[in-house]
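Subject: A structure for you, with notes on its salt bridges

Hi there,

Here is the structure I promised to pass on. Please open it next to this email and follow along.

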Amino acid sequence: MIEITPRLSLQDDELTFDAIRASGPGGQNVNKVSSAIQMRFDARASPSLPDDVAARLIRLAGARATKDGVIVITAQRFRDQARNKEDAIARLVELIIRALHVDKPRKPTKPTRSGVEKRLQTKAKHARLKAGRQGRFDD
């Protein structure tokens with residue numbers, strides 16, 4: 001069981017892990033050892049996540065989410081599989097925590113009368129300044 005918050009946790013069987021070969025430098029070791037981890041989590045079908053959180057999670061995941069709502073996280077920062085697995089889980093937990101936060105809806109406001117007047121005065125002043133720069137010469 002993976003605890004995200006005191007009220008929310010994921011079951012271990014909701015995550016699937018595949019060991020893959022890591023890219024980048026590492027000498028001969030990189031060619032023969034599958035130390036990178038590719039983790040898949042089906043957010044849309046998860047019984048642990050509420051629907052609104054799952055929708056925000058898929059939107060936050062961006063390119064890491066498939067069309068079916070499966071989030072794919074590839075971890076290859078470390079040289080051993082166990083640490084990469086922990087890293088992938090930690091990144092998913094962080095993503096879910098960000099998805100739990102609901103932004104307050106913006107309340108549209110109108111500018112104040114004094115704000116409108118100030119803007120118009122500044123605009124008129126700027127127009128007068130530019131008009132004074134025009135080269136009008138009387139012959």
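Below is what I found about the charged pairs in it.

One thing to keep in mind as you read is that this is a predicted model. As a bit of background, side chains of opposite charge can pair when their charged atoms come close. The structure holds three salt bridges.

**The pair in helix α2**

Start with Asp52 and Arg56, whose side chains form a salt bridge with an N to O distance of 3.8 Å. Where do these two sit in the chain? Both belong to helix α2, which covers residues 51-61. They are four residues apart there, so about one helical turn separates them.

Now look at how much of each partner is open to the outside. Asp52 is partly exposed, at 42% relative accessible area. Arg56 has a relative accessible area of 14% and is buried, because buried means under 20%.

Which residues does Arg56 touch, once those up to four places away in sequence are set aside? They are Ala99, Leu100, His101 and Val102. Try displaying these four together with Arg56.

**The network around Asp87**

Next, find Asp87, which takes part in a salt bridge with Arg77. The closest N and O atoms of Asp87 and Arg77 are 2.9 Å apart. This pair links distant parts of the chain, with the two positions ten residues apart in numbering: Asp87 is in helix α3 (residues 81-100), while Arg77 is in the loop between β5 (70-75) and α3.

Asp87 also forms a salt bridge with Arg91, and here the closest N and O atoms are 3.4 Å apart. Asp87 and Arg91 are four residues apart in helix α3, which means that about one helical turn lies between them.

Taken together, Arg77, Asp87 and Arg91 make up a network of salt bridges.

Is each member of this network buried, partly exposed or exposed? Asp87 counts as buried, with 9% relative accessibility. Arg77 is exposed, and its relative accessible area is 62%. Arg91 is partly exposed, at 28%.

**A good way to begin**

I would colour Asp52 and Arg56 first, as the salt bridge in helix α2, and then add the network of Arg77, Asp87 and Arg91.

Happy exploring, and do write back with any questions!

Best wishes

Terms used:
Residues are numbered from 1 along each chain as its sequence is written. This is a predicted model: local features need pLDDT of at least 70, side-chain atom pairs count only at pLDDT 80 or more; totals for chains, interfaces and linings use all residues. Side-chain values use heavy atoms; hydrogens and water are left out. A salt bridge is a side-chain nitrogen of Lys or Arg within 4 Å of a carboxyl oxygen of Asp or Glu. Buried means under 20% relative accessible area, exposed over 50%, partly exposed in between (1.4 Å probe, protein chains only). Contact means heavy atoms within 4.5 Å.
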